[in-house]
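Hello,

Here is the structure I promised to pass on. Have a look at it first, and then read on for what turned up.

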Amino acid sequence: KVQRPGIASRIDADMKIMRVVAAIVARFVKDADLANPVAIVDDFSETLREELDFRKEGKNLDRFNEIMAGLGHHDVRAPRPYAELSTPRALVMERFYGTRVDDAERIRARGIDAEAQLVKGLRSWFQSVLFHGFFHGDVHAGNLMLLDDDTIGFLDFGIVGRFDGKKKSMVTDYIVAFAGGDYRGLAKVITDMGGVAPGLDM
């Protein structure tokens, strides 16, 4: 994975423009302050800056593989990075061979139960969140593969999320409340997470 030349300065310029637009939206668009557009841009900017150092992504790959091994998911993995060959602007890693999860025709031709494999991948993702407070932050069809050895491959760990103990507990409460249809409990968890303005009518 090789970084596009000049991308850092371009991102800085784009983020300045987005921050100005977000401030205008927050001031002049009704109820926009509930979404806090300036904070969204700041968070996005911080995430992009972290993504620019590919050595961090290499560490994320290692961490995910450690977690999967610890959870006993030996059939769920990320590419193995080669730290000695990687730099902030170039990430060298194991190449995955397989099929994108949205290529239904090829998956059927392989005789694989795609739904069962996806459920396995999602279960491992949730366990990583709940038990370790670490998760792939950009899961979509382009970042998931059914590999040729019938294992599941997660790609692109430039964006990951991390929760401390308190946030892990909140996420667990959120999932339990949502699954159980406890919407009052769900609203409480959301307010506890700081996702809404104080004083909101529950």
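Rings of Phe, Tyr and Trp, the last taken by its six-membered ring, count as a pair if their centres lie within 6.5 Å. With that in hand, a search of the whole structure, which is a predicted model, finds five aromatic pairs.

One of them joins Phe64 and Phe157, with 4.9 Å from centre to centre and 50° between the planes, which makes the pair tilted. Phe64 sits in helix α3, while Phe157 belongs to the loop between β5 and β6 (160–162), so the two rings tie together parts that are 93 residues apart in sequence. Are these two residues buried or exposed? Phe64 has a relative accessibility of 1% and so counts as buried; Phe157, at 0%, counts as buried too.

Another pair is Phe135 with Phe163: the centres are 5.1 Å apart and the planes meet at 40°, so this pair is tilted. Here strand β3 supplies Phe135 and the loop between β6 and α6 supplies Phe163, so the parts tied together are 28 residues apart in sequence. Phe135 is buried at 17% relative accessible area, whereas Phe163 is partly exposed at 25%, because the cut-off for buried is under 20%. Ring pairs also link Phe135 and Phe163 with Trp125 and Phe126 into a cluster.

Next, the core. Which residues touch the most other members of the largest nonpolar core? Among its 22 residues, they are Phe64, Val76, Leu146, Ile152, Phe154 and Phe157. Two or more residues each come from α3, α5, β3 (134–136), β4 (144–147) and β5 (152–154), and α3 gives the largest share, five residues. Setting aside neighbours within four places in sequence, Phe64 is in contact with Val76, Arg77, Ala78, Phe134, Phe154 and Phe157.

You may also like the helix packing. Helices α5 (residues 114–132) and α6 (residues 165–180) pack with their axes 8 Å apart and at an angle of about 130°, and are therefore oblique to each other. On the α5 side the contact involves Phe126, Val129, Leu130, Phe131 and His132; on the α6 side, Lys168, Val171, Thr172 and Ile175. Six of the residues in this contact are nonpolar, two polar and one charged.

One last residue to look up is His73, in the loop between α3 (54–70) and β1 (76–77). His73 has 13% relative accessibility and so counts as buried. Beyond neighbours within four places in sequence, His73 is in contact with Met68, Ser124 and Gln127.

Happy browsing, and best wishes

Key:
Residues numbered from 1 in each chain as written. Predicted model: local features only at pLDDT ≥ 70, side-chain atom pairs only at ≥ 80, totals over all residues. Heavy atoms only, no water. Helix = DSSP H or I, 4+ residues; strand = E, 2+ residues; numbered from the N terminus. Buried < 20%, exposed > 50% of the residue type's maximum accessible area, 1.4 Å probe, protein only. Contact = heavy atoms within 4.5 Å. Axes fitted to C-alpha atoms, helices over the stretch in contact; angles between N-to-C directions. Parallel < 35°, antiparallel > 145°, perpendicular 65-115°, else oblique. Nonpolar A, V, L, I, M, F, W, Y, C, P; charged D, E, K, R; others polar. Core = buried A, V, L, I, M, F, W, Y, C linked by side-chain atoms within 4.5 Å. Phe/Tyr/Trp six-rings, centres within 6.5 Å; stacked < 30°, edge-to-face > 60°.
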